[in-house]
Structure formats: structure tokens, C-alpha cells
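The following note sets out points on the RNA-facing surface and on the enclosed space of this model.

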Amino acid sequence: MEKPQRILGSSPVTGCGGRDRGVDDHSSRVEMHWSQAIAREIIAHRGEEKHVVATGITPSGDIHIGNLREIIIGDAVRNALCELGVEARLIYVGDTFDPLRRRYPFLPPEYEEHVGKPLSEIPDPEGCHSSYAEHFLSPFIESLDELGIEVEVFRADVMYKSGWYEAEIREALLRRDDLARILHESSGRRLPPHWSPFAPLCSACGRISTTTVTGYKLDGGEGEGKGKGEVYYRCECGNRGTASLSGGGKLAWRVDWAARWKILGVTVEPFGKDHAAPGGSFDSGKRIAEEIYNFRAPYPIPFEHILLRLSEVEGGDTGDEGGKRRRRVTAMSSSRGTNIPVREILEVVPPEILKYLIRRVRPERHIEFDPSMPLLHLIDEYERDTGGIGTGIAARIPFRHFLTLVQVARGDDTRELLAVIRRSGYEVPEDAEEELAAIRRKARYALNWLRRYAPDELKFELLRSLSESELVKELSDAQRRALLMIAHHIRHEHELGGGKRLSATEWHNKIYEVANALDIEPGEVFRAVYIALLGKPSGPRAGWLLASLDTEFLRERFEAAAAGK
RNA sequence: GGGCUCGUAGCUCAGAAAGGUAGAGCAGCGGGCUUUUAACCCGUCGGUCGCGGGUUCAAAUCCCGUCGAGCCCGCCA
């Protein structure tokens with residue numbers, strides 16, 4: 001087992017490869033990414049030559065970044081296994097056959113009648129997909145594509161309807177008493193006398209949670225899993241009926257989980273720590289797998305939840321870290337509205353950031369996700385580590401600078417944005433469609449982040465007219481003189497230099513030049529410039545701001561502000 | 001009540017699987033052309049590793065206890 005060790009074995013693209021070198025000279029141990037350590041564990045404790053890493057979720061609401069952790073962990077471990085030369089697949093099971101447990105706040109009142117029906121059999125509340133389950137599942141699957149995670153997707157309702165579960169359902173029915181005992185022993189849960197591991201789907205009302213099994217007949221099958229069978233039930237709605245083993249109902253959760261391991265050949269499974277506690281579902285699933293299904297339970301990878309941290313600055317414009325922030329840390333919960341759907345966060349940050357966020361923290365530690373400044377810091381860090389988000393020019397312009405650019409351009413109108421980018425010193429070729437697309441994409445992220453999560457001190461808006469700001473009236477005489485002088489300089493240099501533009505540095509120097517000439521504090525001039533342009537006394541680096549604006553506009557604006565109009 | 005996981009610099013996290021004098025990034029501070037403000041570069045400050053015991057020549061790392069945070073066992077996936 002003498003494989004060369006790597007530092008954080010992962011592709012540079014995914015963002016974890018950037019841990020710097022130079023530290024490892026004297027250390028005998030090499031830092032290893034947690035996914036590598038886990039992969040080694042798996043190989044050391046398991047004999048399988050092919051691994052199936054399974055993850056999944058019940059698509060009963062928006063799938064949020066908390067849920068994303070599971071699949072990203074699965075992806076990381078699968079990749080680590082592959083790097084160690086073991087064959088491994090990643091699969092994702094949508095629990096589309098689970099019943100709707102209650103009418104969530106985001107559902108209309110008429111959905112009350114769907115409570116208890118399998119998600120795959122309920123209409124899409126927004127009418128855009130084939131079912132309730134698909135409505136939440138398919139956008140998530142698309143997100144996985146954006147994340148570059150290769151995964152095989154299974155849908156529970158399809159698996160049931162196709163008869164994949166038949167043998168396991170038979171076995172469960174036959175060993176009902178053993179199952180009840182195991183569940184009792186592992187969780188302390190006392191099951192009602194009429195409990196059945198199989199919940200039939202009522203043919204009359206369509207519910208799966210209101211039926212009681214009254215009997216069953218299993219045709220003698222030749223060999224394992226060959227026999228058909230039927231289950232008799234009565235429902236709270238008054239109906240009595242017969243259910244088939246292929247889609248006529250589903251196994252109880254903890255039994256279902258174990259059955260699925262066997263059906264799909266699962267060898268590794270990450271899951272939230274709530275399942276991991278003793279007496280939790282993994283405990284019973286493990287016993288059920290081993291005692292009922294003769295299948296070795298997968299290697300468990302319990303992980304902590306992602307908590308949402310919302311920080312609000314008290315008392316307005318305080319500095320970044322200095323201000324007193326009120327912090328609120330909450331678990332993500334769809335029903336309480338404290339979650340951020342994956343599809344929403346993907347409008348704000350590129351997927352690789354989410355991957356980066358999750359991969360850098362070991363699974364057993366919780367992650368506090370704060371979409372405001374900390375998210376921006378994370379993006380900065382990622383860009384430093386990997387050479388930037390996007391390709392070409394877009395990658396060379398830091399995300400932070402994009403925040404200024406899109407605000408100067410007042411949006412993501414491509415023409416205006418490109419003009420601003422060019423003025424601030426980047427050559428953007430006219431015809432490079434790919435470059436332009438990357439720029440637009442990054443601009444879109446910047447804009448959305450500003451709108452949704454940026455603190456006020458990072459936002460600014462170019463005044464369309466000076467009358468929009470009260471502060472303009474309060475400019476001192478000295479400040480007015482300074483602005484006028486800048487305007488004169490612009491006129492002068494523009495004419496002499498034949499349209500020559502000042503660079504950011506030159507602009508910066510110009511401000512000091514003017515301050516010296518008029519013998520006033522540079523800070524006064526800075527404030528005057530910001531007020532004349534933004535209507536507030538501070539802003540992004542003045543040199544860059546000025547350089548990215550149209551010269552003629554600047555001259556007129558400064559003259560007007562100097563005149564106090 | 002029983003149990004599980006986590007608690008390392010102001011912040012976000014490595015380091016724990018094989019005990020060997022505490023690491024990174026951000027923030028802070030100081031510079032980078034005489035020149036505070038929101039892209040960059042360099043330097044620098046910063047931790048009794050929650051606390052208390054124990055094992056050991058040696059403990060962030062192993063063991064016991066304790067405090068704090070979150071979670072599970074009860075409904076149900």
C-alpha cells in the first residue's frame with residue numbers, strides 16, 4: 001500500500017488543490033484531504049472491488065444548500081476512491097414515493113387533500129413539471145450538472161413501480177415480527193400491533209399513510225424474489241383493496257433504506273447526523289440489512305448540518321468587521337423560511353464556490369453559511385486560490401471589482417458594462433463570444449449578490465442628477481474649488497492629449513495634486529468626489545471609479561457640483 | 001433521563017487516522033512614489049488548542065471528568 005501521497009488529492013478546478021506547498025519540507029506527515037482519509041478507511045475496512053456511493057433526498061420542498069452537502073461529500077469520496085484506483089459510482093435516489101407529510105406553508109389550501117399521497121402522484125403546485133416530486137427534484141438535478149457532479153439518478157416511485165422492490169417486500173412481510181423486534185430493540189420504539197413494514201397505496205383516495213394491512217398472499221416463488229403476491233388492506237377513507245408489490249405501496253422508511261442498499265448494491269453512504277445517532281435510522285437500517293436482507297450495511301459517513309447565519313448590521317454604516325452585528329444562526333428549514341434553495345444561491349454565486357465551501361470543511365463539523373460579507377470573503381479566497389472565477393478576461397477581473405463595475409454600469413446591460421470594463425483598462429475583443437458570455441455571467445452573479453446579500457456600505461449608485469443628494473449642498477467652498485479644478489484639468493488634458501484618458505493611478509494622483517495645490521486635506525477632496533458622484537462621502541477606490549467613468553460626464557458633473565446646482 | 005458529534009488566533013478553517021516545540025487565509029498593524037477610503041504586493045502582530053485531571057520522556061492529538069454549542073432516542077421520513 002505504498003502509494004505516493006498527495007497534498008489534497010483533487011483536481012485544481014474544484015478548488016481544493018490550491019493549498020500551498022513549501023510547508024511540507026520537514027513534516028513527516030502530509031496533509032490529506034478528508035475525502036482521501038475516508039477513502040482509505042473504506043478500502044481498509046471493506047473488501048469490495050467496486051463501490052457504490054449513495055445519497056438522496058425526499059423532494060418535498062426546495063432542495064437547499066444544506067442538502068447539497070450530502071451529495072458533495074459523496075462526490076468527493078467517490079473521486080477519492082477513484083484516485084486510489086478503486087472503481088466507484090455515485091448514485092442519487094430521489095424519494096419520490098414518500099408521502100406528503102403535511103401541507104407546508106408554501107402550498108395552497110387545496111393541497112390539504114394531497115397530504116398522505118406519494119409525492120410522485122401529486123400535481124406540481126406550480127404546474128410546470130409532471131409532478132410535485134419532479135418540481136423540486138429536477139431543478140436540483142440540473143444544479144448538480146452545473147456543479148460538475150456526475151451522478152446516476154434513481155427515482156423511488158419508478159423503482160417501486162418497476163418491481164425492483166418485490167423480493168424485499170416479500171421478505172419484509174414474511175419477517176414482519178423480526179423487523180418489529182429489531183426496530184423496537186434499536187430505537188426503543190414500540191410498534192402498534194397492526195404495524196406492517198409495507199404501506200399499501202389506497203386505490204380509492206391515493207393515500208399511502210392511511211392504510212392498514214389486513215393480510216397478504218404470496219404466491220410460492222421459485223427461488224429468491226421470483227414470487228408475486230398481493231397485499232390486502234383497508235383505508236381510513238373506507239376503501240378496502242388489494243395492492244400489488246410493484247408500485248402498490250412502499251416499505252416503511254427504515255426498512256426501505258436497508259432494502260435499497262441491497263437493491264442498488266450500496267457500499268458507502270453519507271447522511272445527516274440525525275440518522276447517525278444511536279437508535280437512529282442507520283442503527284436499525286444496519287441491523288435490518290444484515291439480519292433480514294443478508295447484506296452488509298454501507299460504510300457510513302455522518303455529517304453535520306449547514307446552518308444559516310444571518311447577520312444584520314446595527315445602526316447602519318459601520319465598518320466591515322468593526323460594527324456590532326447581530327447574529328442569528330438557524331438550522332435551515334423550509335417550513336420556517338430559513339433555507340436558501342440551491343437554485344436561488346446559484347443565481348448569486350457560481351457552483352464551484354459552493355463546492356469549495358463544503359469541501360474545505362470536514363464532514364463532522366458544522367458549517368455556518370452567511371451569504372453576506374463572509375460569502376464575499378469566501379469568493380475572494382477562492383479566486384486567489386484558483387486564479388479566478390470564469391475564463392479569460394472575466395477570470396482576470398476579480399469578483400470584487402465586478403461589484404464596482406456593475407454598479408457603475410447601472411446593471412448588466414452588456415454594451416454599457418463593456419464600455420465601463422474597457423475604460424477601467426481591460427481590452428475586451430469585440431467578437432469573442434465566449435469571453436463576453438463569461439463576463440455577462442460573472443456580472444450577473446455580482447449584481448444578484450449586491451441585490452440580495454450585500455451590506456449597504458458596499459452598495460452605491462451613480463447619481464443621475466445632483467438634486468438627488470442633499471449632501472451636495474453641504475460641500476464646502478474648498479471642496480467646490482477642488483471639483484472645479486479637477487474639471488478644468490479634464491478639459492485641459494482632454495484637449496491637449498487628443499482624447500487621452502487618465503488611468504486609475506493617474507486619477508488617484510490627480511486628487512492629491514489638487515489637494516496640494518489648494519492646500520486642503522486630500523480626504524476633503526475624496527469626499528467631494530464621492531458626494532458629487534454617489535451622493536455619499538465614501539465609495540470604492542476613487543481612482544478606479546473615476547477611470548471607469550466617461551470623461552465628459554465627469555467634467556460636467558464636477559462643474560455642476562462646484563456650482564452647487 | 002440516556003446517547004452522539006463538535007469546541008484550535010478577532011473571523012473562517014487546517015492540523016487529530018500512525019502523540020514529538022501550534023498552521024493558512026481574512027481582518028488588524030506597518031510599508032510599497034510626498035499622498036487615509038472598497039482589486040494588488042511585501043512585512044508584521046496575534047492562540048495557556050473550552051476547562052480540570054490522568055497516561056507518557058513528550059498530549060491540540062490517547063483516557064476520564066466537566067462546561068458550552070448542536071443533534072438523536074418520543075411523532076415520522
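1. The surface near RNA strand B comprises 23 charged, 15 nonpolar and 12 polar residues. Here Asp, Glu, Lys and Arg count as charged, Ala, Val, Leu, Ile, Met, Phe, Trp, Tyr, Cys and Pro as nonpolar, and the others, Gly among them, as polar. The model is predicted: local features need pLDDT of at least 70, side-chain atom pairs count only at pLDDT 80 or more, and totals for chains, interfaces and linings use all residues. Residues are numbered from 1 along each chain as its sequence is written, chains are lettered from A in the order in which they are written, and side-chain values use heavy atoms, with hydrogens and water left out.

2. RNA strand B is surrounded by 50 residues, the closest being Arg-362, Tyr-512, Phe-526, Arg-541 and Trp-544 (near: a heavy atom within 4 Å). Sugar or phosphate accounts for 57% of the strand's atoms within 4 Å of the protein, and bases for the rest.

3. Helix 19 contributes the largest share of this surface, 4 residues (helices are DSSP runs of H or I, at least four residues, numbered from the N terminus).

4. Among the polar contacts (N or O pairs within 3.5 Å), a polar backbone atom of Arg-362 lies 2.6 Å from a phosphate oxygen of RNA strand B. A polar side-chain atom of Tyr-512 is 3.2 Å from a sugar or linking oxygen of the strand.

5. The lining of the second largest cavity draws most on helix 3, with 4 residues. By class, this lining has 6 nonpolar, 1 polar and 2 charged residues. On a 1 Å grid over the protein atoms alone, a cavity is a set of points where a 1.4 Å probe fits but cannot get out, and lining residues have an atom within 4 Å of a point.

Notes
Polar contact = N/O pair within 3.5 Å; in protein donor to acceptor, adjacent residues only side chain to side chain. Helix = DSSP H or I, 4+ residues; strand = E, 2+ residues; numbered from the N terminus.
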